[in-house]
Amino acid sequence: MIQARSAGKSAFYMAGGKIDPGESAEEALHREIREELDAAVVDVQFLGVFTCEAWGHPVGTPLEITCFLAGLASEPTPTSEIAEIRYFTRDEYAAMPDVAPGSLMVFDRMKELDLID
């Protein structure tokens with residue numbers, strides 16, 4: 001699964017971001033992937049909503065992730081806000097020094113569904 005590391009951050013996360021006012025979660029998905037990976041998404045399917053503590057924020061800061069599965073219409077390219085993109089297996093990601101709990105939850109769910117190794 002592809003993960004992105006923002007400039008100035010140490011952890012890789014799923015590409016994405018906050019939903020703008022008046023925007024649906026799926027519209028935000030399309031916009032955020034375009035902004036962060038310079039790619040369009042195709043074959044979008046809802047995966048689920050995940051809640052956990054936000055990594056890199058004060059303890060107890062809640063995070064809710066509305067997550068989709070999708071393909072990319074082209075090879076992803078990091079934009080100016082993204083320092084690096086990388087593909088990980090679940091175990092490769094879990095072995096990183098800094099791991100975002102939300103990303104790991106999604107990796108675990110995808111592994112449960114036999115969607116990734």
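Two residues are said to be in contact when heavy atoms of one lie within 4.5 Å of heavy atoms of the other, and with that idea in hand we can look at how one helix sits in this structure, which is a predicted model.

The helix in question is α3, made of the twelve residues 101-112. At 1.5 Å a residue, α3 should span 16 Å, and because its end C-alpha atoms are indeed 16 Å apart, the expected length and the length in the model agree. Which residues of α3 are buried? They are Gly 102, Ser 103, Val 106, Phe 107 and Met 110. These residues cover an arc of only 140° around the axis, and therefore they lie on the same side of α3. As for what they meet there, the buried residues of α3 pack against β1 (2-6), β2 (41-53) and β3 (62-72), and also against α2 (90-94). After the helix comes Asp 114, whose phi is positive, near 60°.

A second topic is the cysteines, and here one may ask how many disulfides the structure holds. The number is zero, and the distances help to explain it. A disulfide needs a pair of cysteine sulfur atoms within 2.5 Å, but the cysteine sulfur closest to that of Cys 52 belongs to Cys 67 and is 11 Å away, so the two are too far apart for a bond. Seen from the other side, the sulfur of Cys 67 likewise has its closest cysteine sulfur in Cys 52, at 11 Å. Are these cysteines buried or exposed? Cys 52 has 16% relative accessibility and therefore counts as buried, while Cys 67, at 7%, counts as buried too, since the cut-off for buried is under 20%.

Conventions: Residues are numbered from 1 along each chain as its sequence is written. This is a predicted model: local features need pLDDT of at least 70, side-chain atom pairs count only at pLDDT 80 or more; totals for chains, interfaces and linings use all residues. Side-chain values use heavy atoms; hydrogens and water are left out. Helices (H or I, at least four residues) and strands (E, at least two) are DSSP runs, numbered from the N terminus. The expected span of a helix is 1.5 Å times one less than its number of residues. Buried means under 20% relative accessible area, exposed over 50%, partly exposed in between (1.4 Å probe, protein chains only). The arc is that of the directions from the helix axis to the C-beta atoms.
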